[in-house]
Structures are given as C-alpha cells and as structure tokens.
2 protein chains.
Amino acid sequence: MLLSMLGLEHTIVPISLPDREQKTPAHLARNPLGTLPVLEDGEAVIYDSQAILVYLAAKHGGAAWLPTDPIGLATISQWLSFATNEIWNGPAIARACLRFKRDVDLDRAQVAGRTALAVMDAHLSTHDWLALDRPTIADIACYPYAALAEEGEISLAPYGALNAWFKRIEALPGYVSMPGLG
Amino acid sequence: MLLSMLGLEHTIVPISLPDREQKTPAHLARNPLGTLPVLEDGEAVIYDSQAILVYLAAKHGGAAWLPTDPIGLATISQWLSFATNEIWNGPAIARACLRFKRDVDLDRAQVAGRTALAVMDAHLSTHDWLALDRPTIADIACYPYAALAEEGEISLAPYGALNAWFKRIEALPGYVSMPGLG
C-alpha cells in the first residue's frame, strides 16, 4: 500500500505459503526468519513489514510519512511495535487460524484482539490518525489486520472511531484494497 | 541500560506488577496498554521499550546509536521488531511463565525461543553486532531477554556466537547488569 501511495513502481513476486516457498534456501537467504513480505531494491534486501515501511518512508516519503524529530519518531515506533505485537498476536493470528488453519490458541488471540482494537478505538476517538496529525506509516502498519479482524471472528461493530479511521485510510490517494477490505 | 550508556541522569520509579499498579488510571493515562516501562521526559511520555530506545537515541545518541539513512534505519527496525515479536514471544514469555506464573503456553514459547536464539546465533557468527558494524539500539533491544533465556529453561549452551555477543555487550561502557545477567 505504501508503494502505491508513494507512486513507486514495483513488481510483486508471489511466494506460495501452502508450498512452503517461504522456507526455501533461496528465501531464507533473503530473510532468515522465513517470513513475508521481503522488499528487494537494488542491493538492499529488507524483511519485516515494519522495517519495509521505515525503509520506503525514509528513502522516498520524507518527513510527511516518517518524521526525524525524537518525539515524532518515537510515537511512530510505539505504533509499529503495536502492529508487531498487539495486532499480530490478536486479529492477525485469529484470522490466520480461521482462514489458513494456523495452529494457535484462537480464544487467546480473539481476547487479545478485542483489547487491541479497543485501545485503538479509544485513541482514535480523540485523534484522526494514530501517531501524528496526518497519516504516517503508523497508520499503514496497523490498518490491514485491524480492518480484517472479522475474518478472525472478532466483531468490528463496537468500534465507531476505528471504523471512521478505516474510511479515512481508504480515502487516501493511492489506497489499494485487498479481499475483505473496504 | 541506554540511559546509562548515554550518561543521562534519570530517576527510576518502581511500579508494582504484583499489585497491578500498571493497570491503575494514573498509569493507563501514561500508557493505554498498561505495560512497563514508560519514560517521562518533561512533557514527553513514551511507552514501549523499543520506542523509548528510539526516542533516547534520536534525542541524545545521534547516528552512532540510530542512523538516519534508509538502510541503517530499516536494518535497526528489523531487529526492533524481532525484539518485540520473536524475543518477546519466545524467551521473555517463557521466563515470565516460570518466574512470574504468567498464564502462557510454555512449550510454544520455548520452541519459539530456541528458533529465535538460533537465528541470532547464525547472524552473529558472521557479525559482531546485530544491525550495523557497531553497537546500536538493535543490540540493546534484543540483549536482555535473550541473555535471560535460561530463566525460561531455554539452554544458551548451543549458541557460541550469541554468548560471545553477550560478552561484547557486557563490556560496553555504561553497561548495567541485573540479576541473572553477566
């Protein structure tokens, strides 16, 4: 999504998770964790969704997407950690369990997911965007698995401010949807 | 530890986890996640360990601890995510289970922990430091719960390069130990 929002040409190369292509030697050479996505940009090979956002924003997005002042940078880092921990271990894992039969504790993921979504909803009831007064990579990092929570059987109905934020993101220039998103 | 390494004066204010002080309204006003640590610096209130490292490095550490070029910043972000996900959900959670009776799936945490430590060990067999050619906040973020893995009954014996890296960190000026660390 950030590639699109920044207007950057790119080629998407599919890696088949059912065929375990993410664990082949070729892919492990790109990313020792054997996860997706990975960004290749010339000699640079960056894995981890949050690190890819940082790379693209620092290289192409400028301070609009990733400021350099200590408080701005730290506030965005808070939400990148939130995407990596609370959102991943909540709605993302619940969805992976129900859609892709990932072996996890579904109850625990759904409880954690509701807590995470409630934290976002409370924050967004007094803020238009997660980290700053404009969209940043914090919003891009947290949006997809929050917006897909119902695929993990976590209802989004209780969260009015969260749903309004989804709409703001979906109205941004360059927004790209995927199945299940607005 | 980074406060000490940067030579910054600070006061440590204990918050009692057994007494659930991290869930009081006063603390939730500092950090809606109700977790520790939180850094207060004048008007700035930063929660999340990784965000605190980013803040301190950006404000006081300079490019030595947190570079501003896209690749350096992204490489450090990879390891901050690794600390938040792989280390937290591995050795840190296993330790929390055994030391503090946290209700988690210990087997799963120990398996994830061994995978995470093996990834670090392989990387450190060809690198002195995790992200760059010098110590950065990536090392500070990943060190404590990796070095405390045996408190989660995850043996550190198989990981020669990891143990050598522990020693390099423990030799840095300003290093502060805690019970269970070198």
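Helices α4(B) and α6(B) run roughly parallel to each other, because their packing angle is about 10 degrees and angles under 35 degrees count as roughly parallel. This is a predicted model, and every value here is computed from it. In chain B, α4 spans residues 70-100 and α6 spans residues 137-147. Their axes lie 9 Å apart. Two packed helices are described by exactly these quantities, the angle between their axes and the distance between the axes.

Which residues make this contact? From α4(B) come B:I76, B:W79, B:L80, B:F82, B:A83, B:I87, B:P91, B:A92 and B:R95. From α6(B) come B:I137, B:A138, B:A141, B:C142, B:Y145 and B:A146. By class, 14 of the contact residues are nonpolar, none is polar and 1 is charged. Look at the numbering as you trace each helix. An α-helix has 3.6 residues a turn, so residues three or four places apart point the same way.

Now stay with α6(B) and turn to another partner. Helix α3 of chain B, residues 49-61, packs against α6(B) at an angle of about 150 degrees, with the axes 10 Å apart. That makes α3(B) roughly antiparallel to α6(B), because the cut-off for this label is an angle over 145 degrees. The crossing of α3(B) past α6(B) is right-handed. On the α3(B) side, the contact uses B:S49, B:Q50, B:L53, B:V54 and B:A57. On the α6(B) side, the contact uses B:I137, B:I140 and B:A141. This contact has 6 nonpolar and 2 polar residues, with no charged ones.

Is α6(B) mostly covered or mostly open? Mostly covered: 10 of its 11 residues are buried. They are B:I137, B:A138, B:D139, B:I140, B:A141, B:C142, B:Y143, B:Y145, B:A146 and B:A147. These buried residues pack against α1, α3, α4, α5 and α7 of chain B. Here α7 is residues 160-170.

Helix α3(B) is mostly covered too, with 11 of its 13 residues buried. Its buried stretch includes B:S49, B:Q50, B:A51, B:I52, B:L53 and B:V54. Also buried are B:Y55, B:L56, B:A57, B:A58 and B:G61. What covers these residues? Part of the cover comes from chain B, including α1, β1, β2, α4 and α6. Chain A also takes part, through its helix α4. Just after α3(B) comes B:G62, whose phi is positive, near 70 degrees.

For contrast, look at a loop. B:I12 is found between α1 and α2 of chain B. B:I12 counts as exposed, because there are 6 C-beta neighbours inside 10 Å and a residue with 12 or fewer is exposed. B:I12 and B:Y175 are 163 residues apart in sequence, and their C-alpha atoms are 16 Å apart in space.

Next, the two chains together. How does chain B relate to chain A? A turn of 180 degrees, with a shift of 0.0 Å along the axis, lays chain B on chain A with an RMSD of 0.0 Å. The two copies are thus related as by a two-fold rotation axis. In chain B, the C-alpha nearest this axis belongs to B:N85, 3.0 Å away from it.

B:N85 also appears where the two α4 helices meet. The axes of α4(A) and α4(B) come within 8 Å and cross at roughly 25 degrees. That makes α4(A) roughly parallel to α4(B). Their crossing is right-handed. A:S81, A:T84, A:N85 and A:W88 meet B:S81, B:T84, B:N85 and B:W88. By class, this contact has 6 polar residues, 2 nonpolar and no charged.

How many residues does the whole contact between the chains take? It takes 27 residues from chain B and 27 residues from chain A. On the side of chain B, β2, α3, α4 and α5 each supply at least two residues. The largest share, 10 residues, comes from α4(B). The side of chain B that touches chain A divides into 16 nonpolar, 8 polar and 3 charged residues. Finally, 100% of the interface residues of chain B are also interface residues in chain A, so the copies meet through the same surface.

Definitions and conventions:
Residues are numbered from 1 along each chain as its sequence is written. Chains are lettered from A and ligands numbered from 1 in the order in which they are written. This is a predicted model: local features need pLDDT of at least 70, side-chain atom pairs count only at pLDDT 80 or more; totals for chains, interfaces and linings use all residues. Copies are superposed by least squares on the C-alpha atoms of residues with pLDDT of at least 70 in both. Two residues are in contact if their C-beta atoms, placed from the backbone, lie within 7 Å. Axes are lines fitted to C-alpha atoms, for helices over the stretch in contact, and angles run from 0 to 180 degrees between N-to-C directions. Helices (H or I, at least four residues) and strands (E, at least two) are DSSP runs, numbered from the N terminus. Angles under 35 degrees count as roughly parallel, over 145 as roughly antiparallel, 65 to 115 as roughly perpendicular and the rest as oblique. Ala, Val, Leu, Ile, Met, Phe, Trp, Tyr, Cys and Pro count as nonpolar, Asp, Glu, Lys and Arg as charged, and the others, Gly among them, as polar. A crossing is left-handed if the near helix is turned anticlockwise from the far one by less than a right angle, and right-handed if clockwise. A residue is buried if 20 or more other C-beta atoms lie within 10 Å of its own, exposed if 12 or fewer, and partly exposed in between; C-beta atoms are placed from the backbone.
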